[in-house]
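Work through the following exercises with the sequence and the model open beside you, and try each task before reading its solution.

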Amino acid sequence: MTDIKYALVTGGSRGIGRAISLKLAAMNYHVLINYRSNKPEAENTLKLIEAEGGKGELICFNVADPKEIGQVLGKWIDESQHTIEVLVNNAGINKDNLLLWMKAEEWSTIIDTNLNSFFYVTRLILKDMLANKYGRIINIVSLSGLKGMPGQVNYSAAKAGVIGATKALAQEVGKRKVTVNAVAPGFIKTDMTKDLPEKELKKLIPLNRFGEAEEVAEVVGFLASKASSYITGETISVNGGLYS
Ligand code: NAI
């Protein structure tokens with residue numbers, strides 16, 4: 001066993017997950033950068049980390065596939081004997097449609113990727129955190145999960161589900177000094193929002209702009225740090241004042 005500290009960021013190949021990976025690496029974490037299929041972009045995240053003098057490695061699994069999570073992440077945990085101290089459940093997708101037209105597949109894929117992934121990944125990591133009497137679990141949710149967004153009934157339900165799970169798990173594990181919090185971004189400039197009419201939407205935002213992935217990563221960095229030791233079960237919005 002070494003005293004290297006490990007963090008896992010799901011969906012670390014781009015966007016908010018990449019910014020979080022860089023932030024945690026700057027905080028001296030060896031970052032496990034999870035990706036599903038975009039290996040070149042995951043490698044770019046690792047290169048950016050290494051360029052700043054940080055450390056990390058890639059770990060490929062689909063967060064919506066419990067079998068693959070067990071085979072890849074479970075194996076990493078068993079074989080490395082390392083404890084993951086910080087888990088950021090960041091991977092997520094949206095498939096927007098009005099409920100009236102929504103296909104069962106659009107519902108289930110979103111629930112699998114955004115909500116069920118929380119259960120399967122967190123369950124694997126939690127055991128060691130509890131044994132270690134320390135851990136930080138940070139779930140990237142959304143304004144949609146707080147407010148509800150038309151056209152996103154599936155995504156809003158999944159993110160609201162993670163917010164509920166965050167509050168419940170925080171109460172289960174607090175005695176072991178494991179904290180569980182959520183970060184709820186509003187409109188952040190990533191691939192997920194690149195087709196939205198930014199000019200129109202920014203008029204609704206008090207800070208009059210979309211946010212940057214790094215602005216979300218800063219809050220995640222705080223929640224991952226010892227400085228946040230008395231905060232648990234909380235959801236922090238990073239939305240430029242759009243909704244509170
Ligand atoms: P993005 O589309 O740029 O990145 C999503 C990441 O998740 C990618 O790295 C992708 O490969 C990964 N991913 C998706 N499905 C996966 C799977 N099945 N297994 C493993 N990895 C998978 O989007 P962005 O904006 O960086 O999103 C990150 C998180 O922030 C998501 O949970 C999203 O719901 C949330 N969010 C984003 C907002 C925004 O305005 N961009 C607003 C509110 C929440």
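Two strands are said to pair if DSSP finds at least two bridges between them, where strands (E, at least two residues) and helices (H or I, at least four residues) are DSSP runs, numbered from the N terminus. The model is a predicted one, in which local features need pLDDT of at least 70 and side-chain atom pairs count only at pLDDT 80 or more, whereas totals for chains, interfaces and linings use all residues. Residues are numbered from 1 along each chain as its sequence is written, and side-chain values use heavy atoms, with hydrogens and water left out.

**Exercise 1. The surroundings of strand β4**

Task: Find out which strands pair with β4, and in which sense.

Solution: Begin with strand β1 (residues 5-9), which pairs with β4 in the parallel sense over four bridges; in this pairing, Val86 of β4 is the bridge partner of Ala7. Next, turn to strand β5 (residues 135-140), which runs parallel to β4 and is joined to it by four bridges, and here Val86 has Arg136 as its bridge partner. Then follow the chain from β4 over helix α4 (residues 104-132) to β5, a path that forms a right-handed β-α-β unit; right-handed means that, with the strands pointing away from the viewer, the path from the first strand over the helix to the second runs clockwise. Finally, consider how covered β4 (residues 84-89) is: six of its six residues are buried, that is, under 20% relative accessible area, while exposed means over 50% and partly exposed lies in between (1.4 Å probe, protein chains only).

**Exercise 2. The nonpolar cores**

Task: Determine how many residues the largest nonpolar core has, and which elements supply at least two of them.

Solution: A nonpolar core is a set of buried Ala, Val, Leu, Ile, Met, Phe, Trp, Tyr and Cys residues joined through side-chain atoms within 4.5 Å. The largest such core has 30 residues, and Leu8, Leu73, Ile84, Val121, Ile125 and Ile137 are those with the most contacts inside it. At least two residues each come from β1, α3 (66-80), β4, α4, α6 (153-173) and β6 (178-185), and α6 gives the most, with six residues. Apart from this core lies another, of 26 residues, including Ile16, Leu24, Tyr29 and Leu223.

**Exercise 3. Atoms beside the ligand**

Task: Work out which residues come nearest to the ligand, and how far some backbone atoms lie from it.

Solution: There are 28 residues around the ligand, counted when a heavy atom lies within 4 Å of it, and Arg14, Asn62, Asn90, Tyr155 and Thr190 come nearest. Now look at backbone N or O atoms: one of Ile16 lies 2.8 Å from a ligand oxygen atom, and one of Gly11 lies 3.3 Å from an oxygen atom of the ligand. For a nitrogen atom of the ligand, the distance to a backbone N or O atom of Val63 is 3.0 Å.

**Exercise 4. Two positive phi values**

Task: Decide where Gln81 is located, and whether this residue is buried or exposed.

Solution: As background, most residues other than glycine have a negative phi. Gln81, however, has a positive phi near 65°; its place is in the loop between α3 and β4, and because its relative accessibility is 52%, Gln81 counts as exposed. Asn208 also has a positive phi, near 60°, and lies in the loop between α7 and α8, where its relative accessibility of 43% means that Asn208 counts as partly exposed.

Methods: A polar contact is a pair of N or O atoms within 3.5 Å; within protein, one must be able to donate a hydrogen and the other to accept it, and residues adjacent in sequence count only if both atoms are side-chain atoms.
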